[in-house]
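Open the structure in your viewer and keep the selection box at hand. We will go from stop to stop, and at each one you will hear what to select and what is there.

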Amino acid sequence: MVAARKTITMQVRVSEEISRELAKRGNVSEAVRSVLDSWMEDRWPRPGKWYCDTCHQVIDGADAGFLEWLEGDDRARGFRIVHHAPSSPRYPDGDCYRYTNERHRMDNHLDSFVGSRGLVYLLGFLDRGPMHDPNYESSGVVNIREWVEIVRRLHTPLYEEARRYWRDAEAGGFFEGANEISPYVPNTLWRIISQYGPKSGGG
Ligand SMILES: [Zn+2]
């Protein structure tokens with residue numbers, strides 16, 4: 001009974017949303033698509049698979065990965081997502097770390113950077129907060145764009161997969177007319193993967 005009532009409530013809400021969109025757009029299929037888009041937007045699974053920046057093989061789960069970077073003068077740079085040594089295809093004869101011999105090497109398990117706690121950790125690179133840095137003068141990263149790329153890879157659903165086809169999408173004119181946000185939202189990323197990624201059934 002409860003489940004049935006829930007389904008009916010949901011159907012009423014969806015049809016209300018579609019009517020509202022229809023009034024705005026005057027086109028049924030556009031209205032349905034817009035409602036489906038907003039419904040899907042927060043339902044994509046969180047990122048859980050990455051491609052190693054060294055060996056380019058799959059890192060299957062955050063516990064198989066490592067984040068490494070360099071740090072000098074309290075500022076971080078050169079972020080890389082790589083295999084944790086025991087999960088590396090090169091193990092035991094080698095690993096995927098690039099900074100092993102660097103004096104300013106820093107690293108941590110990839111699972112420290114995912115989820116809500118991981119986002120807190122990553123934001124701390126930009127600003128340690130007023131308690132520890134009352135006179136904020138600059139961020140804790142050398143290149144904010146590089147940091148944003150890592151945050152997108154770790155937190156935006158589908159971004160890690162879609163970035164593999166980014167150049168093809170650019171070359172194909174996929175981003176024409178895009179604003180600053182639209183290329184990075186998961187629904188768009190899904191369309192990039194569908195359009196430029198490997199086709200199921202070959203070809
Ligand atoms: Zn690797």
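The tour below runs from the domains to the core, then to a helix pair, some loops and a few backbone details.

**Domains**

Before you start, note that this is a predicted model. Colour the chain by domain: residues 1-40 form domain 1, 49-151 form domain 2, and 156-203 form domain 3. If you place a marker at the C-alpha centre of domain 2 and another at that of domain 3, the two markers will be 24 Å apart.

**The largest core**

Now select Cys-52, Leu-67, Ile-81, Val-82, Leu-110, Phe-113 and Val-114. These are the residues with the most contacts inside the largest nonpolar core, which has 20 residues. Which elements give two or more residues to this core? They are E3, E4 and H4. E4 supplies the largest share, with four residues. A second core lies apart from this one; it has six residues, including Leu-158, Tyr-159, Ala-162 and Leu-189.

Stay with Phe-113 for a moment and show what surrounds it. Beyond its neighbours within four places in sequence, Phe-113 is in contact with Leu-67, Gly-118, Tyr-121, Leu-122 and Leu-154.

**A helix pair**

Next, select helix H3, residues 115-126, together with helix H4, residues 144-155. Their axes are 11 Å apart and the packing angle is about 175°. H3 is therefore roughly antiparallel to H4, as angles over 145 degrees are classed that way.

To see the contact itself, show the side chains of Gly-118, Leu-119, Leu-122, Phe-125 and Leu-126 on H3; on H4, their counterparts are Trp-147, Val-151, Leu-154 and His-155. Sorted by class, this contact has seven nonpolar residues, two polar ones and no charged residues.

While H4 is on screen, pick Val-148, which is also found in this helix. Is Val-148 buried, exposed or partly exposed? Val-148 counts as partly exposed, because it has 14 C-beta neighbours inside 10 Å. Draw a distance from its C-alpha to that of Asn-108: the two residues are 40 apart along the chain and 18 Å apart in space.

**The loop between E4 and E5**

Move on to the loop that runs between strand E4 (75-83) and strand E5 (105-109); Pro-92 lies here. Select Tyr-91 along with Pro-92 and look at the bond that joins them: this peptide bond is cis, with omega about 5°. Most peptide bonds are trans.

Asp-95 is in this loop as well, between E4 and E5. Asp-95 counts as buried because it has 20 C-beta neighbours inside 10 Å, and a residue needs 20 or more to be classed as buried. Setting aside neighbours within four places in sequence, you can show its contacts with Ala-85, Ser-88 and Arg-90. For a longer line on the screen, join the C-alpha atoms of Asp-95 and Arg-167, which are 72 residues apart in sequence and 28 Å apart in space.

**Cys-55 and what it touches**

Now go to the loop between strand E1 (49-51) and strand E2 (58-60), where you will find Cys-55. What does Cys-55 touch, not counting residues up to four places away in sequence? Its partners are His-83, Ser-88, Pro-89, Arg-90 and Cys-96. Cys-55 is partly exposed, because 16 C-beta neighbours lie inside 10 Å. Tyr-97 is 42 residues from Cys-55 in sequence, with a C-alpha to C-alpha distance of 9.8 Å.

**Two positive phi angles**

Most residues other than glycine have a negative phi. Select Asp-73, which is not a glycine and has a positive phi of about 50°. Asp-73 sits in the loop between strand E3 (65-72) and E4, and counts as exposed because it has 7 C-beta neighbours inside 10 Å.

Then select Leu-158, also not a glycine, where phi is positive at about 75°. Its loop is the one between helix H4 and helix H5 (159-162). With 20 C-beta neighbours inside 10 Å, Leu-158 counts as buried.

**Last stop**

Finish at Pro-45, in the loop between helix H2 (28-41) and E1. Pro-45 is exposed, since 9 other C-beta atoms lie within 10 Å. Its C-alpha is separated by 26 Å from that of Ile-8, 37 residues away along the chain.

Terms used: Residues are numbered from 1 along each chain as its sequence is written. This is a predicted model: local features need pLDDT of at least 70, side-chain atom pairs count only at pLDDT 80 or more; totals for chains, interfaces and linings use all residues. Domain bounds come from an automatic or database domain assignment. A residue is buried if 20 or more other C-beta atoms lie within 10 Å of its own, exposed if 12 or fewer, and partly exposed in between; C-beta atoms are placed from the backbone. Axes are lines fitted to C-alpha atoms, for helices over the stretch in contact, and angles run from 0 to 180 degrees between N-to-C directions. Angles under 35 degrees count as roughly parallel, over 145 as roughly antiparallel, 65 to 115 as roughly perpendicular and the rest as oblique. Two residues are in contact if their C-beta atoms, placed from the backbone, lie within 7 Å. Ala, Val, Leu, Ile, Met, Phe, Trp, Tyr, Cys and Pro count as nonpolar, Asp, Glu, Lys and Arg as charged, and the others, Gly among them, as polar. A nonpolar core is a set of buried Ala, Val, Leu, Ile, Met, Phe, Trp, Tyr and Cys residues joined through C-beta atoms within 7 Å.
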